[in-house]
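User: I'm new to this one and would like to know how the labels people put on it are earned. Can we take them one at a time?

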Amino acid sequence: MSSCQRVARPLVQSLRQERLLLQSTSHFSRSFSRSAPRQDEGPTPPPTSSTTSTEQLEAASKANESAKEEEARKVRMKERLLDRETTTAHWAERKLIRMGTPPVGSRRRRAAIRTSENVPFEQLPYQCFQEARKILQEDRQEKIQAIAKELAKIKRLEETPADQVPGGERRKNLRLASLRKYVKELTILADVNDPVVKRRFEDGLGDMDKPIYRYLAERKWRGLPYRLITQRIQQLNIVPDVLPKFDPVVDVQLFFRRIKVTPGEILDSRITEVPPRLKVQVFNPGERLVSVVVMDSDVPNAETDSFDRRCHYLAANVPISPNEPSLPLGKVNKESQLAVPWLPAFSQKGAPYHRLSVFVLEQKPGEKLDIAKLRELYSSRDGFSLKSYRDKFGLTPVGFNIFRTVWDENTAGVMERAGVPGADIEFKHKRVYSLKGEKKPRGWEVKRQKPKYRGLWKYSKRIRGMSRGRR
């Protein structure tokens, strides 16, 4: 037996004896009696009617209070589950998304916040983290001092007459543009490493009116989303079939009935009956007016044996800004913005897939398009040319997305409900026969079809083009 066990043995024995003593005393003691009442106590008088009614009222009031408490507890539980900061329930996430207030961050992050102490992010008790924040704060102060110095330079240069600047007015404007660009870079560098800024951006709570959040959003979009959309433009031949040259600079996301569409995805015809919602995220400040065009560039034309184009949707004078990216196509103003209403995507049976492109075109600053003129030009839908529309009104294509459609079991019903004829048309591939003459059989087997090689006929009897008759 070790020395520790020898020292602890008396203590353990005393604790065991004390526990046994407590169990024995509790066995013989009782808190109340279940036996019959004594003779001297006498029988309990029966309750009167007033006593019974009072007891019933008290019982009813207690039942009501308990029901109210239960209802209040359920309401508190539902409010807690609908908290966008801590919810982890799938139904609550879907409801929050429908309400327009999506959950913050990932489900793992929300679960961690719900089960941990409510410590502010800036006060996390990690020494390395706090020391790193001190270094970042010092660097930020240096950047702020540099910004103040550059702004003073800009102010002095603006007050200096152009004839006193070497190079004149042109040199002065170039110098001012260079200084302003450098100030923007310093503004971004001052906050780009701040963990609080990064956390707010990752949670979707960043203010897009601030340059740092626009910079982070553009840097994120320039990764996989930009490469994916440019790949679709090349693979699906949007350039040069629709436009001779195009490079998107705006993030355009497409949603059908709360379903995010991957660029180039083939959709069911029923989903496209309802106008989609766009999320147009711009990366430069200020509000601007845009035009939205949805066009089908694969409408088969049997007469000319080629493909035409058709306009499925056209709206103009739609305002967007960095902080207001949502653009529901079904909720635009029908009087001042909508030129061509939404037409569901469809394809005839036997035809190849149709490419339906979604283009966002920026209008000139402060200029509105005439909706009546657009209705007059494009209300027929057929023969729509995006290049002609761009050149005629001086627009600049900035954003793009795309989805595809093919004939499916629901297309006929969609075309009937939309009032589109042609659901009974089926395209079939026409077989084209070769104009070349029939080739003569040749090869090792053909050379050995003489009676001299009769023993080898069994190996060449199924060769195509050779007669089965033997001489």
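User: What makes β1 and β4 a strand pair, and in which sense do they run?

Analyst: Keep in mind that this is a predicted model. Two strands pair if there are at least two bridges between them. Strand β1 (residues 251-256) and strand β4 (residues 277-281) have five bridges, in the antiparallel sense, so they count as a pair. One spot to look at is Gln-253, which stands opposite Lys-279 in β4.

User: How do you know that β4 also pairs with β7?

Analyst: Same kind of check. β4 and strand β7 (residues 326-328) are joined by three bridges and run antiparallel; the cut-off is at least two, so they pair. Leu-278 faces Leu-327 in β7 there.

User: Why is the contact between Phe-256 and Phe-403 called edge-to-face?

Analyst: Rings pair if their centres lie within 6.5 Å, and planes over 60 degrees apart count as edge-to-face. For Phe-256 and Phe-403 the centres are 5.3 Å apart and the planes make 75 degrees, so both conditions are met and the name fits. There are 12 aromatic pairs in the count.

User: What does that pair tie together?

Analyst: Phe-256 lies in strand β1 and Phe-403 in strand β10 (residues 396-405), so the pair links parts 147 residues apart in sequence. Ring pairs also join Phe-256, Tyr-313, Trp-342 and Phe-403 into a cluster.

User: Why is Phe-256 called buried?

Analyst: Buried means under 20% relative accessible area. Phe-256 has 1%, so it qualifies. Phe-403 is buried too, at 1%.

User: What makes you say that Arg-222 sits over the ring of Tyr-226?

Analyst: The distance limit is within 6 Å of the ring centre, along with an angle limit of within 35 degrees of the ring normal. The charged end of Arg-222 is 4.7 Å from the centre of the Tyr-226 ring and is listed as sitting over it. Arg-404 lies over the face of Tyr-353, at 4.7 Å from the ring centre.

User: Why are β3 and β8 called edge strands?

Analyst: Six strands make an open sheet in the order β3-β10-β9-β5-β6-β8, with mixed pairing. β3 (265-267) and β8 (338-340) are the edge strands, as each pairs on one side only. From one strand to the next, the twist averages 25 degrees.

User: How do you know that β5 and β9 pair within it?

Analyst: Seven bridges join strand β5 (residues 288-301) to strand β9 (residues 354-362), running antiparallel. At least two are needed, so they pair. Val-292 stands opposite Val-360 in β9.

Methods: Residues are numbered from 1 along each chain as its sequence is written. This is a predicted model: local features need pLDDT of at least 70, side-chain atom pairs count only at pLDDT 80 or more; totals for chains, interfaces and linings use all residues. Side-chain values use heavy atoms; hydrogens and water are left out. Helices (H or I, at least four residues) and strands (E, at least two) are DSSP runs, numbered from the N terminus. Rings of Phe, Tyr and Trp (its six-membered ring) pair if their centres lie within 6.5 Å; planes under 30 degrees apart count as stacked, over 60 as edge-to-face and the rest as tilted. Buried means under 20% relative accessible area, exposed over 50%, partly exposed in between (1.4 Å probe, protein chains only). Axes are lines fitted to C-alpha atoms, for helices over the stretch in contact, and angles run from 0 to 180 degrees between N-to-C directions.
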